[in-house]
Every structure is written in C-alpha cells, then in structure tokens.
Amino acid sequence: MEASIPLWWYLLVAAALFGTGLFGALSRRNAVGVLMGIELMLNGANINAVAFWRYIAVPSGAGLNGMDGQVFAIMVIALAAAEAAVGLALIISIYRNRQSVLVEDFSTMRG
Amino acid sequence: MMEMLAFGLVAGVAVGGAIGVVAARNVFVSALWLVLSFIGVAGIYAILGADFLAATQVLIYVGAISVLILFAVMLTHHVMGDERSNNRQAFLAFIVSSSVVAALGVLAYRTDWPIRPADAGGSVVTAMRGDLAGSSAASTAAQTGASTALTSTVDLALNQDSNVVRLGQALMTEHLLSFEIISLVLLVALIGAIVIARD
Amino acid sequence: MLHALPLAESLAETTTSLSGWLTGLFSGTAPEPGASSSAAGIIVASVLKATVIVLIVQIGMLYATWGERKIIGRMQDRLGPNRVGLFGLAQPFADMIKMLTKEDITPTAAHKWVYNLGAILVVPPAIIGFAVVALDRNLIAADLSIGALFFFAIGSTAVMPIFMAGWGSRNKYALLGAMRAVAQVVSYEIPQVLSIVGVLLLAGTLSMNGLIHSQGPIGDAFPGVWFILLQPIGFVIFLLATTAEIERTPFDIPEAESEIIAGYHTEYAGIKFGLFYLALYFVTISASAVGAILFLGGWQPPFAFLAGIPGWIWMTAKTLALVFVFMWLRGTLPRLRVDQLMAFAWKVLVPISLVNLMVTGLLAKLVAGRAPLMVFGAFTVANVAMVALLIWLVAGWRRFNAARQITFERPAVQAVGAALRRGAA
Amino acid sequence: MGENWAFVAILTVIALTIPILGILAAMVLAPKRPGTIKNSTYECGLETVGDAWVQFKVQYYLYALIFVLFDVETVFLYPWAVAYQSLPLLALFEMIIFLLILGIGLVYAWRKGALEWI
C-alpha cells in the first residue's frame, strides 16, 4: 500500500501547480494575482521536497536525521509567509500612492 | 487502490484550485480558489505521510497567508469588480508555462529515481514520550532513543509520533542555523512590512 | 445525549473489531494499529463512526442551546424555555422546525455563489475537529499523531467562511463585521496555540490519547496529575483565548447587534442563519472537549480508586463542565470594549503565555526525573510566583496611569511638571 | 495511519452534506415570496448608499501581518516542545533566542501603534 503511487505522479502534480502559478504570475494584471501565482509556485516546489523526502534513498550514517525534506518545506512555508507579508505591504503602499494595483501601471522604472 | 483514489482526489483539488486561481476574473474569488488549492496540497502531504506538514500547511497557508491576501484585496478596492484579468502577454505566458510543465513532466517520468526500498526495517525510534511522572528511567529512555535516531542508519519507517520528535531534533541540531536565521527573517519582514504599509 | 453513548461505544467497538477482523483475514497476521486494512473495511467503519459522531454532536448541540437558555435564564432570575415539552426539553426541536420553515432570503445584491457557500462552509470546520476528540481509552475516531495541532489547524480555517459570508453579502455592515471578526479571531489564535505549548512540552506528544495518558494517576494512591495543576496559567489563557476565538460573549464584538447590526451574518435568514448558530455551538462543544483533554485529563478519573467508572462518563462530565464555564462567562461578564479587545490579546495574553512557556521549559529540565510530589511542588511555587509578579506588574501599571492622569488634570501639578521639564532641557 | 486520514476525509464529506441537506430541506419546507424590498440590502430600513465593497483601513492588514508571523513561530514551537525531553538544556536557550528576536518584532509593532484598534 505504501509505495503504490509512483513518485513521478507527485512530481507531475507539483509541475502542474508550478506551471499554473507561473502562468498566473506572468499573465495577471493585478499585482495581488501575481503574488498568488508565486504562492502556487512555492507550493509546487514544496510538494517536490516532501515527495523526495518520502521516496528517495538517503545515504545512511553521517549523523543525518532524515527529516531534511520536511525541514526544507517548513522553511519554505515560513519564507512564503514573510514574502507575502512584505509583498502585499508593497502592493498596498503602491495602491495608496497611485490608486492602482495593475502591474502595467507600475512602469516608472522603464527607461 | 484506495490510496490512488485519495491521491487523485486531492491532486484534482490542488490542480483544479490552481486553475481556478488563474481563471477567475474577480480577485476575491481567485483568492478563494487559492485556498482550495492549498487544502489539496495539504491532502497530498497527508498521503505522503508528512502529517505535521499537512497540519502546518492548513494552519499557515489556509489560516494565515490567505487571510493576509484577502485583507490586501479588501484594502485595494478598485479591483473588486470583474475586470479583464489577463495582460497582453497571456498567450506567450501560456506557451511558456505549459512547456515548462511538459518538460518537467517528461523529466520526472524518464529519470531513474533512486527510490529507497519500501519500508526497510522496523521502527528504530520508539515512542519518545515520557510522562511527567517521568522517572529518570523514562527520560533516559527518551535520550537513548534520541541518540539512536541521530546516529543510526536513517530509517524512514513512518512512525508518525517520532516524526514530529525528529523534526524538532533536526531543527535544534542540524538545521539550527537556518532555524535561528528564520527568526531574523521574520523580524525583518515584520518591521519592513509595518514601515511600508503605514508610511 | 447520555443514552446515545453506550450505543456509540458498542458501535465503535463493533466497527473496530470489524476492520481488525478483515485485516486479519486478508493479511493472516494479528491486527495492529497502523497496519494496512482492507479498503472496504476502512470505509465502512469510517462512515459508521462519522455518522455516530455527527449524531452525538448534533444532539449535544441541540441540548447545549437548551441548557444555555436555562442557565442564562436562572442567572437572570428567569425560568428559560419551559413551554414545549417537559421543562421545555422539546424546545430545540421546535427551534429547528422554525429555522427550516422560515423563508430563506438571498439579497439581490449578493454574490450568489460566495454568499451561499459561506453559509455551507461554516459548518465543516466545526465538525471535523471532533475527529481527534477521545471519548474513552479506545473510543477515538482518528488518533492522529498530530491531534492537538490538527484541531487548531482546522479551527484556523473557520475564518474563511466568515470572510465569504461578509463579502458575499455585499452589505457594508456584514463586511465590516467580517473584517472585525477575522481580525479578532486571528489575534486570539496566537495566545490559544501558545497556551498549550507548556502542556506539549510536559507530555512530549501531540496525539490526543498520548496527552491523556501522560495525565494518568501516579501509582495507586496518588491522584492523576492533570495539566491544569501544572499549567494553571496556560489553562486560563486557553479558556479566554478560546472564548474569543469562537466569538462568544464577552468577546462577541464581531456580532454585537448594538454596534454593527449582527455582524457578518446580517444578511442571512432562515436555515442559513441557523447554520451559523449550529457552528457556534459545535465549536463550543469541541473546544470544551479539547480543553478537557489537554488540561483536565480527558477520560482519566481524578482519583485512582474511581477507575471503575467508565472513562466516557468522566470525559462527558469534564466537557459539560467546560461548556458550563463558557455559558457562565456569558451570563456574568459584560462585553469588552472594542479598543480593549486587541490590546488584551497582544499586550497581555501573548507575553504572559511566552513567559509561562519559558518558565515551564526551564522547570521541566530542572525537575526531570524527580519524585512526582517535588515536581508538583516546584510547579506550584513557580506558578504562584508568576501570578504574584503579574499582579504586581498590573498594580504598578495602574498606579503609573493614575499618577499620569493626575498630572494632566491638576493645573498646578501640570505647571510644576512643565517647569521641571524645562529645567531638565 | 492511513485509516485515520481516511476517516478525516469521510468525516469532511459528511460534514459538508449536513448543511447542504439543511438547505435542501428548507427549499422544500420554507415559503418563497421574494420581493424587491425584502431582497434589498439590509440597513435597518435606510437606503443603501454606495457600494459595500469599500476600502478598509490599513490597520486590519497590520493585525493580519503580526498574526501571520507569530503563527509561523508556533510551527517551530510545536516540534520543539514535543521533542523537548530528548533535547539538551541548550535547546531551551536556542528557543529563547528565537522568541526574543520575534519579541523585538512584537515590541516594535507595539511602539509603532500597530496593535491599537481603530
């Protein structure tokens, strides 16, 4: 029962989430929507980390605890929280200055 | 069989939610789809045997980050109505992202992953709870358990209770530096976000 | 409710033995927890268990509403419901029929999907938490290794339907109520999850049954050391934070009818309003049950010689006691002022629970392996010291505030103060 | 392990059907007499002015912000607490450093008035 699902299924789902997030990040006009796309991409990466933790042989010994995949995923979640906090604060700040959250309006840095 | 069914269900929820995120025209509705996708990902973690991570995913993503996103949506009210949600690059973006998915999928399928043999060995780490009455015997047992967990060959038998314990040990030993740095990152993010949002 | 329990027990035992029997049949080995069972067995057992849980919870909820009205009535020198049935015992069913036959209005302005989904989704988070509640030694539906965290994670998702209800109604007051409700719920979630870290630290597990086992009697003569004895501050914080988290009085500002109509469920009528009501009582019961497990020893009897009484009676009694405390709070305390609400969570509860957690950590290392009586004594001394320190700090802070107010109120004192400040500068 | 999660999944499905059944029952039992006034937005009898989906104060975002970062902190606290008995005393100080650093954030938010209710 444990290994009835092949690893690549998980990787495929992760890739699908990553790809959908990438599409969202590239194509949304709303800056909050772009941020949601980035969160989806991070989730896809996290699924990979946990799937590898579960499936891939780890070299034994070396004082390893064998929890690297999960620790990695937790760190990513923590960083995603920090990223969302700062990113959304930036969007709110820009909105208050320019009354818009559409990314094509944020082009003052263009040469 | 049942596991495959469960996997199909949660994977469908995760990917379907993700598609909803990019397809919805209203940002608020888009955020609700995002929550659904997060729940699906939590289900995938549960199937993978990462119980703690599944709960964390729900606690942080569904319970916290989504709240942050929804509050941000409320604070930027111009976008509440339906709108043309995609920009002119949408077609190009679709080609790029679908080719990324195709490439990753083919790679994942064709690579010969070094899968570890299914559940080799029994559980090395016994339940490490020592109750409070916890005489010295209990605590020494816990300590020897800890040392075996740290030094013996890595055994991923899914003894869930010990999984959380080992996670705590990993955070306090091998990953101590990243653990402490995370607190700094969170502090900087908090201060930065307060400064930026209040200005 | 009491009549339903033996039935539940026998049903749960039947299903457990059923799945165990199926396992043994197919694998040829003795069933053990965590071993893979047959899919059909698991599904049948799960559906039965889930139905039983939902029925018990439903009846418990109906009589919790009745009990609350009776208790509050007594506290306010009234009789409470007494017309429908004996002692008004049929009142909840009359209410249910009323809810079902009332017209169900969807406002024209509302976002139909989000509005209706909000009412539907408010119920599941309140029910799913019961999955990890242990009624007796072997009577736990899903003894997840992360039980306590699972409960809080499910509880944290309850903000989503609130948001959906408020936004979907497209009503200023509903949306304002939703924003305030979410801000309050998430603020009190932090002290709630922090308050039990001390318990986890002492028990060394997150599993609900594991937590109960570690509160068992010590030897034959000693009573069980419940965590309320070692973590009284944690328990009080847990109780207060939970009251706010489930938006019960005195923390019910998000739905304070005197301020913002009825909060995020202003626009809901009939059965959909009933669903919000349902969810409120569900979470009251489940939070009480989890409080009983974490701090009151769950199904463990208070004294070893009382072990003859079945565990589920203890568990039910403790849960009902905590439900009563929630109702008592509602009958006794006035509603908090809005500006005190957030300050109380962040400036009082969070710092106290952080200090409590560090002290507990230190003590747990210091007394590890000592005799139970000494452990208990050390914790008592530490708790008394912490409470004394807290009282001293609060008193000092109030004196400081009083002194500052006098300075502002009396012109002469103010003038002297200003002169002193000029001199200093 | 698997059966526990299977149970959670099935309980979720049953928990979803209860409100749906309730609403379906009300559809059959409850009267339906809609009217323009009855179905209008409820504001104690006043005419509704402007859209409800208005802009809110940034203060709400600040609560959510502090909440998210402290929620992340609990995720690190729980495994630490569960593993605590098998860890040396040093772990306590490692956690105290972690909490102190985050505590600075709380004090900062406090001083900047991010914790005041509007």
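**Chain D and the A–B contact**

Modeller: Read from its start to its end, chain D of this predicted model follows the pattern α-α-α.

Biologist: What makes up that pattern, in helices and strands?

Modeller: Chain D has three helices and zero strands. One of them is helix α1, residues 2-29, where D:Leu16 is found.

Biologist: Why is D:Leu16 called partly exposed?

Modeller: Its relative accessible area is 31%. Buried would need under 20% and exposed over 50%, so D:Leu16, at 31%, is partly exposed.

Biologist: What makes D:Leu16 eligible for a surface patch?

Modeller: A patch residue needs over 30% relative accessible area. D:Leu16 has 31%, so it passes that cut-off. The nonpolar patch also includes D:Ile20, D:Leu21 and D:Val28, and its members have about 660 Å² of accessible area together.

Biologist: How much of chain D is buried?

Modeller: Buried residues make up 55% of its 118 residues. Chain D exposes about 5200 Å², and carbon and sulfur atoms supply 71% of that.

Biologist: Now the contact of chain A and chain B. How much area do they bury between them?

Modeller: About 7600 Å², of which 73% is on carbon and sulfur atoms. Chain A brings 75 residues and chain B brings 90 residues.

Biologist: Which helices of chain A each supply at least two residues to the side that touches chain B?

Modeller: α1 (7-27), α2 (31-55) and α3 (68-98) of chain A. α3(A) gives the most, with 22 residues.

Biologist: How many salt bridges and polar contacts are there across it?

Modeller: The rule finds zero salt bridges between chain A and chain B. Eight residue pairs are in polar contact, both residues at pLDDT 80 or more.

Conventions
Residues numbered from 1 in each chain as written. Chains lettered and ligands numbered in written order. Predicted model: local features only at pLDDT ≥ 70, side-chain atom pairs only at ≥ 80, totals over all residues. Heavy atoms only, no water. Patch = residues over 30% accessible without salt bridge, like charges linked within 9 Å, V, L, I, M, F, W, Y side chains within 5 Å. Areas by Shrake-Rupley, 256 points an atom, 1.4 Å probe, with all protein chains shown as cover. Salt bridge = Lys/Arg side-chain N within 4 Å of Asp/Glu carboxyl O. Helix = DSSP H or I, 4+ residues; strand = E, 2+ residues; numbered from the N terminus. Buried < 20%, exposed > 50% of the residue type's maximum accessible area, 1.4 Å probe, protein only. Contact = heavy atoms within 4.5 Å. Buried area = accessible area lost by both parts, 1.4 Å probe. Polar contact = N/O pair within 3.5 Å; in protein donor to acceptor, adjacent residues only side chain to side chain.
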